Amino acid sequence: MKLTKRDVIAKRIAQELKDGDSVNLGVGIPTLVAKYIGDKKVYLQSENGLLGIGPPPNEDELDIDLIDAGKNPVSIMPDASYFDSAFSFGMIRGHHIDVAVLGTLEVDRYGEIANWSVPNQPILGVGGAMDLVAGAKKVIVASTLFTKDGSPKLVESLTLDSSGERLVNQFVTEYASFTFEDGKIFADDIYGDMTFEELQDKIGLPLTQK
Amino acid sequence: MEKLKTVDELEPLFKDRMRLLVGGFGISGTPLTVLHALPGFKAGDYEVVSNNLGDYGKGLHKVFEAGKIAKAIGSFFTINKEAVTAWSKGELAIDLLPQGTLAEAIRCGGAGIGGFYTPTAVGTKLAEGKEVREIDGVRYLFEKAIKGDLALIKAAKADKAGNLIYHTTARNFNPVMATAAATVIAEVDEIVEIGELRPEEIITPHIYVDYVVKSKYVKKGDDYVEVN
């Protein structure tokens with residue numbers, strides 16, 4: 001069965017996770033990463049105060065109080081722990097979380113992202129996005145490469161509001177995985193149905209092949 | 001138990017323009033019984049500090065609908081369409097903070113700290129007008145601590161002294177809010193005898209808790225329902 005774009009991205013990100021990693025998955029595509037972790041032992045953190053998210057709960061196990069940061073019901077692992085919101089963000093800001101996987105709207109050629117304000121809508125929600133950008137040891141952003149109207153989300157400079165100065169480590173799309181170094185964009189791994197030249201042409205920015 | 005009150009007995013604590021710290025993340029860990037009494041109380045024009053303004057037409061959402069909230073300080077209001085509309089009409093003031101900054105500001109408020117430097121939000125729109133300071137090569141943003149007049153929190157169990165324990169992720173902002181307000185009202189599912197909670201499991205020691213209200217809500221499947 002052919003994977004959807006979202007699943008291609010999630011599966012590719014799962015490859016980046018290592019045994020023993022503590023990982024925070026944002027809402028949307030990042031949440032799907034959990035499906036592809038396989039046998040690797042990773043500890044999923046939820047910023048509302050849980051380390052050790054388990055598999056999706058059965059209907060009869062739903063507990064309205066036990067939720068993830070996207071407010072979806074979750075189960076817990078036998079080694080899980082609960083803590084309050086201040087402690088949880090201390091864990092995030094204090095570099096105790098190995099990997100944060102976040103959605104994004106734009107990524108510039110340095111790896112700065114815009115992932116919180118919605119275009120043409122009042123900016124009234126930020127949640128934990130900026131804390132995760134600032135504090136996780138490694139930040140991987142997940143998104144389809146193009147917007148609905150076909151414009152690339154990889155841009156020369158951000159047109160939407162930045163999520164912080166901290167540059168992300170990796171941008172995983174349905175076509176390729178990118179990393180950044182001093183304004184140079186590296187197409188590290190191309191696995192979709194576009195060639196390096198086609199990607200460069202459609203994105204409209206110089207890419208470097210590793 | 002002296003601290004145990006009905007929510008109506010607590011009405012005199014609520015005064016116009018007070019700053020309320022309200023626990024909960026979505027509906028998880030929200031003091032529904034206390035919040036649902038507020039529309040019927042005289043006081044209003046509250047400044048509310050809470051992650052968001054309730055959910056599913058419950059909790060703070062009802063207080064907002066009753067026109068009792070003048071200002072909201074929190075991290076996520078986008079899901080609350082009516083709040084967004086009220087904000088664009090100028091009927092509701094909103095102060096948006098990153099969720100970790102909100103939590104830490106309240107923690108500091110309760111711990112005698114005046115403010116703190118955080119790397120979160122440096123270089124963003126949410127840093128506008130705020131002091132930036134470089135410490136050991138990293139840029140940080142200064143944020144003031146947050147304190148409240150009244151904290152409305154939710155716990156799973158209180159013993160008769162007022163010690164509290166919490167249920168799963170319903171803990172969220174509640175323990176820090178319990179430390180940061182002049183007066184603290186804890187809504188609980190269950191009240192037990194002193195000695196029934198192990199000292200090791202107590203998250204909020206009783207000195208932080210002024211009043212305890214027994215919740216009128218019970219969990220049924222994935223919802224809360226009112227019981228008499």
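Buried area is the accessible area, taken with a 1.4 Å probe, that two parts lose on being put together, summed over both. Keep that in mind as you look around this predicted model.

**First stop: where the chains meet.** Show chains A and B together. Between them they bury about 3,500 Å², and 64% of that is on carbon and sulfur atoms. Now pick out B:Phe25, B:Thr168 and B:Thr169: this trio supplies 17% of the area chain B buries against chain A, more than any other three residues. For the wider view, select the 48 residues of chain B that are in contact with 36 residues of chain A.

**Next: the links across.** Select A:Glu165 and B:Arg139, and you'll find a salt bridge whose closest N and O atoms are 2.2 Å apart. The two chains have 4 salt bridges between them, along with 20 residue pairs in polar contact.

Which element gives the largest share of chain B's side of the contact? Colour H4(B), which brings 6 residues. Sorted by class, that side of chain B has 21 nonpolar, 18 polar and 9 charged residues.

**Last stop: a pocket.** Move on to the second largest pocket, with about 370 Å³ of space. Its lining has 19 residues, and the closest to the centre are B:Ile73, B:Asp95, B:Leu96, B:Leu97 and B:Lys130. Show strands S4 (69-74), S5 (93-96) and S8 (138-144) of chain B, which each give two or more residues to the lining. S5(B) gives the most, with 3. Try colouring the lining by class: you'll get 11 nonpolar and 8 charged residues, but no polar ones.

Definitions and conventions:
Residues are numbered from 1 along each chain as its sequence is written. Chains are lettered from A and ligands numbered from 1 in the order in which they are written. This is a predicted model: local features need pLDDT of at least 70, side-chain atom pairs count only at pLDDT 80 or more; totals for chains, interfaces and linings use all residues. Side-chain values use heavy atoms; hydrogens and water are left out. On a 1 Å grid over the protein atoms alone, a cavity is a set of points where a 1.4 Å probe fits but cannot get out, and a pocket is an open set with protein on both sides within 12 Å along at least five of seven lines; lining residues have an atom within 4 Å of a point. Grid points are joined across faces, edges and corners, and a volume is the space filled by probe spheres set on the points. Helices (H or I, at least four residues) and strands (E, at least two) are DSSP runs, numbered from the N terminus. Ala, Val, Leu, Ile, Met, Phe, Trp, Tyr, Cys and Pro count as nonpolar, Asp, Glu, Lys and Arg as charged, and the others, Gly among them, as polar. Contact means heavy atoms within 4.5 Å. A salt bridge is a side-chain nitrogen of Lys or Arg within 4 Å of a carboxyl oxygen of Asp or Glu. A polar contact is a pair of N or O atoms within 3.5 Å; within protein, one must be able to donate a hydrogen and the other to accept it, and residues adjacent in sequence count only if both atoms are side-chain atoms.
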